[in-house]
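I opened this notebook to record what I looked up in the structure, one topic at a time. The sequence and the coordinates come first, and my entries follow.

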Amino acid sequence: MGFVKMPTEEDWKSVLKYSERVRQISYNENTNNVAASIFAVLEDSRPRSYFLPHLVELNWKAETPAGLARCSLFLNPELRAVNLEIGTKFPQLDTFLADLSNRTKLTSFSFISPTSLPDSFTELLGRQVALEKVVLVAPGALAPGVGRWIASLPQLKTLRLDLTGRSVIAVEGFFDELRLRSGDSTPSSVMSTDSGVFSEDEIDFSLIRKSALRLTGDLSSKGSFAQMRKLHLTGDVSNIAVFVKHLTSPLTQLDLVIEDPPDRADWHDLSAMICEKFGDSLQSLRVTATGSSRFMDLVRATSRAEPASGRLSLDCFTYLPHLTRLDIDLPESVIFTNADVECIAKACTNLEVLKLCPLARFPSATGAPKITLVTVAYLISSCRNLHTLATVVDAKGGSADILNSRRASSKSLLRLHVGHSWIDDPLHVAILLSHLAPHLETLKWFQEKNRPGFIEANARNWQRVSELLPHLQGIRLLERQFASDMTQALRPETFEKSVDAVIKTVDRGVHVFPRMRNNSVQVSTTYMSQVVQAQPNYASALVDATPSTAEASIEAITILVNREVDAAPAKPVDAHPSDIITRSVQALLTPSTFARAPSRRSYSPLFFLPSILGLFSLAYKLFIFYPLSLPSRILHMAAARIRWKYKEPPKQVPSTPSAEPTVDSDIPLETLVVEDVFDSTCDNEREDPDVKVSQPEVVETWIPKWKEQTRNNNTATRHSDWMQRTLTSPSYNFIMSDNKKQEKDFTLEVDTLLPEAAVAVKSGKLQEALDKIFAFEKQTRNAADLNSTTRLVKAAIEHCYEARDFNLLNSTITLLSKKHGQLKSAVQAIVELSMGWLDKIKQAHGMEKWLELVETLRGVTEGKIFLETPRARVTLLLAHYHEGLSTAATSTPAAQKESLQTASDLLSDLQVETYSSMDRREKTEFILEQMRLLIAVARQKDAEHGKDGKDALGGGEAEWVKVRVGGRKVNEEFLKEKDNEDLKLKYYDLMIQHALHQNNYLDVAKYYYKVWETPSIKDDTEDKGKAALEHIVYYVVLAPHNNEQSDMLHHLFVDPALTKLELHYNLVKCFTTRELMRWPGIETIYGEFLRKTPVFSSEKRWEDLHTRVIEHNIRVVAQYYTRITLTRLTSLLDLTLPETEETLARLVVSGTIWARIDRPAGIVSFRSKRSAEDVMNDWSSDMQKLLGLVEKTWMGMNAAQAAQSRVVKVSS
């Protein structure tokens, strides 16, 4: 990372704004993440000395002097922690440390380097007197001067030193100069300035004074490391013991990194010293191994070294009452006995966390671990606060004494890590653990099969324990709860006894002398003068006295009344002129005239005739002015503002004039219906209830007929363009609005209107009743009265249904649902009420009326999220109808195919998995129906193309892919619930059909296994359960070999349920055993039975079984042979030479085996050539093992020589 350009002042502003929040920086020169040139640019262009003013911690790793010099850029007075890790050859280290000491005041300093500390190290850091943590891992860290400097730090709390490779004399030298200044043992340390040099005649009172002060508690600790609480030492146990011997501070945390295995005598000395010196203060003790000691553990991980067999005795831990954490993690000393655990239980009664080499491995060659669960029970009873335990045990069942002892049960133990523990009887171990730890939350063990020392039987038994333990814990806690309740319920037994109640009296006298004490108190009066400023406070306030005004408006709607007068002439006259007048009047008297006048011009519907002049004026307007000037303008205006719906006019039958004259025109009045187009612009207006707009009985769609009229007019481009603009205009789209706040309650008015409408319907005036309901429905809708609107729309469609006028019913449903601003709940009520009539209409009035209502409901619910569930249910009914047509005997094959495809497409268009209002079970049923219809369509298409399988060109492959996608939408966890077993069986039946189409035998076996796990199937061991298990066996042996197939085959082989099927058990055993299977023998033993089953009745599957047997035989040959002739391999496989080569080549390409064929020599090789790297790796591993043996031998010889020398000294 580097700069693209030099940073400017603006760039520094952004950096400085962020730099205020930086608290820590880490840098590693080896990673090369930051270019070296960046530091020079920062040094030259920084606007201030410390551009990271609040930096607290600096972690710096450098390999070159230049890399260390860059660290000076970040030194500032607020820096508190510096962690340095440097390489070799740093000549300017003294200069850097001096600069660091002068510019900072640290509380933590860490120095890790293979370079020796400078000679003037202590003088350079002499100013850092506030250090609380010091880490020195470098040669020279044990120098006497360094020890003196560290001991002089008054606030030192944490110290880390590396004693690796140092002699005992070097460790002792660390404390050589401590006595000169610390005052630990010289007389001057006890409130005296004596030099400590006494003459023979002087009496030394310093020890007497020191003892007296210690008894009274007034002796202040001025010894070395008085404030130190945490110590981290690395090295040999003997060196650590020497170092600890000189400490007197009450340590609370001790971390030891030792050479493993340690010398037994040195370990005992160190253990006893820890208990003696830190028994009253130590809270945490952690013992781990050095890197060199862990090398053998790394070699052991490659299975080339012997298992660890070292013993680490804990007998010397005698007194650690405050210890809460003991963690021992060593790669060699991993053997602990029951006596060790008992010592820990006695010495550490407040222990909370105990880890005793949980990663230790105990293969069969070394035997079982020594610690048992009985010892763990004793540990739990002694350490009542223990909540985490990690150790390797030999788990066996408990005795009756332990199971009956409540003392052995712990409420605090929550986590147990057993590692590679041995176990034989999982049931009894689970029972014992439920008693020892009834509240256990976590049980861990190792399951890695590639770990050396891993025993699969133990891992499998621990898995069984983890499955049983929660149930046994629940039973155990329930039993104890019942026992405690019964104990509380039992009343104590009482007995009547007589007691001698004679009172014994004793007279005693006490000689009392009162003590008198005189106390005098000297009291002097203290005077104080105070001055209070009493200046009054003034406050000014302004009051807004502007009078409030309100504007009110009153809506004054003029009530218009239409009256009709019979003006038919008595004698017939020529109708031609009147036709012109009629058309003009008809164009004027549109329904919009009655509903609402246009906003630009107001026309009075009633003309008064005050005089003869008015009559002439009216005649002039009717016969001359209106026919010439107004019709074109009125028609144009009506076409622009009103959408007309047109239907074919009925044939006119000549009749005599009646009281209501019939108007004949090109566009009959009955066929014009005014849409409510003014609702969006005139929401504040209210419709006059006295004005009624006639509604047609049949409302037909006008768009298709309009298109039909203009379809053949290729030159009338204006019509097509205008139609396109009209269809895409915003006013054409109906938008369902959200519910708004209710403005008025029309409950009383609706209560009055509904009975009147019902009476009108009974009297045969259905249209009049609907008009009343529609007029009042608009008022309730605009006022957002949900209850009243719902009652009105339901009453309207109920009247249409009761009148059995299904055309009017469909048009009413469409009209009401598409009203502007229609309430969602009202539309939902319409749809739900209409759906309830579908079955009755289908039974009583035929399929045609049923289809019309279904299509109406689908049109109403289309595009509305709040109606997605009703739409899905209606679509399902329609899909079932089309599916029924596909199976009808009267239908042609083409019609049957089209009907089935239509049914599948209808359901596939529904994305029910995204519906939030639909129940999960109903969603699953819909998805399963989609899958079922897709499979039916796919099979039909595959049959037409004459091919089956995923390689077919065309056919139903697209449907099979959709089936797979649909199967992934189903939640298999939901199917595991008991109430959904029927859905589970249906789902896996469909998935089995899909997998069989793809010839994916392993998936078929897994699906049958899921079916077999169903409780209702598994319990039926004689019928359904047996059949499911048989199919699992068939398809798992038919599946090609891979890791998953092999794992499933072996798990099936050890299942107890398979032993009841002897023939199938033997067939699985043949495939799990590393032995050759001769195909003629397989045909003889299993052929007669298997060929009768539906699975192997197909020749393809029988050939697949033959192929699997051959592949198994080749794998067996590859394991036992490195080279084999083709002739011998052909005879073993019972194949011809070309078949053998083809099968062998297929297995090599799939990666199952490695093989090469030498055709001229006729030899097959199953072992690949080893590379130079592999040979060198094996040689290196062997050499490491040899060196390890040599090192162990050398250490054993040294130990023997040391023991012999001790014997010689004792004897001498």
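**Entry: T869.** Before reading off any accessibility, I noted that a residue is called buried when its relative accessible area is under 20%, exposed when that area is over 50%, and partly exposed in between. I also kept in mind that this is a predicted model. With that cut-off in hand, I asked whether T869 is buried or exposed. T869 has a relative accessible area of 5%, and because this falls under 20%, I entered T869 as buried. I located T869 in helix α30, which covers residues 868-886. Setting aside residues up to four places away in sequence, I found that T869 touches S917 and M918. I also looked up the pair T869 and L910, which lie 41 residues apart in sequence, and I read a C-alpha to C-alpha distance of 9.9 Å for them.

**Entry: the whole protein.** I then stepped back to the protein as a whole, where I read 45 helices and 21 strands. Of its 1212 residues, 40% are buried. I noted an exposed area of about 72100 Å², of which carbon and sulfur atoms supply 54%. Among contacts with a separation of 6 or more, 74% are between residues 24 or more positions apart.

**Entry: α23 against α24.** I next looked at how helix α23 (residues 747-762) packs on helix α24 (residues 766-782), and I read an angle of about 165 degrees with the axes 8 Å apart. Angles over 145 degrees count as roughly antiparallel, and α23 and α24 are therefore roughly antiparallel to each other. I recorded their crossing as left-handed. Which residues meet here, on the side of α23 and on the side of α24? From α23 I listed E749, V750, L753, A757, A760 and V761, and from α24 I listed L766, A769, K772, I773, F776 and T780. Sorted by class, this contact of α23 with α24 holds 9 nonpolar residues, 1 polar residue and 2 charged residues.

**Entry: α24 against α25.** I followed α24 on to its packing with α25, where the angle is about 160 degrees and the axes are 9 Å apart. By the cut-off I used above, α24 and α25 are therefore roughly antiparallel to each other. The crossing in which α24 passes α25 is left-handed. On the α24 side, I wrote down L766, L770, I773, F774, F776, E777, T780 and R781 as the residues that make the contact. On the α25 side, the partners are S788, T789, L792, V793, A795, A796, H799 and C800. I counted the classes for α24 with α25 as 10 nonpolar, 4 polar and 2 charged. Comparing my two lists for α24, I noted that L766 is entered in the contact with α23 and again in the contact with α25.

**Entry: R804.** Past α25, I looked for R804 and found it in the loop between α25 (786-802) and α26 (806-817). R804 is not a glycine, yet it has a positive phi of about 55 degrees. Its relative accessible area is 39%, and I entered R804 as partly exposed.

**Entry: K842.** I then turned to K842, which I placed in helix α28 (residues 838-845). At a relative accessibility of 36%, K842 counts as partly exposed. Leaving out its neighbours within four places in sequence, I found K842 in contact with M847 and W850.

**Entry: α42 against α43.** Further along the chain, I looked at helix α42 (residues 1099-1120) and helix α43 (residues 1126-1133), whose axes come within 10 Å and cross at roughly 135 degrees. That angle makes α42 oblique to α43. I recorded the crossing of α42 past α43 as right-handed. I1110, N1113, I1114 and V1117 of α42 make the contact with L1129, L1132 and L1133 of α43. By class, I noted 6 nonpolar residues, 1 polar residue and no charged residues where α42 meets α43.

**Entry: D1134.** What is the phi of D1134, and where is this residue placed? I read a positive phi of about 60 degrees for D1134, although it is not a glycine. D1134 sits in the loop between α43 and α44 (1137-1150). With a relative accessible area of 31%, D1134 is partly exposed.

Key:
Residues numbered from 1 in each chain as written. Predicted model: local features only at pLDDT ≥ 70, side-chain atom pairs only at ≥ 80, totals over all residues. Heavy atoms only, no water. Helix = DSSP H or I, 4+ residues; strand = E, 2+ residues; numbered from the N terminus. Buried < 20%, exposed > 50% of the residue type's maximum accessible area, 1.4 Å probe, protein only. Contact = heavy atoms within 4.5 Å. Areas by Shrake-Rupley, 256 points an atom, 1.4 Å probe, with all protein chains shown as cover. Axes fitted to C-alpha atoms, helices over the stretch in contact; angles between N-to-C directions. Parallel < 35°, antiparallel > 145°, perpendicular 65-115°, else oblique. Left-handed = near helix turned anticlockwise from the far one by under 90°. Nonpolar A, V, L, I, M, F, W, Y, C, P; charged D, E, K, R; others polar.
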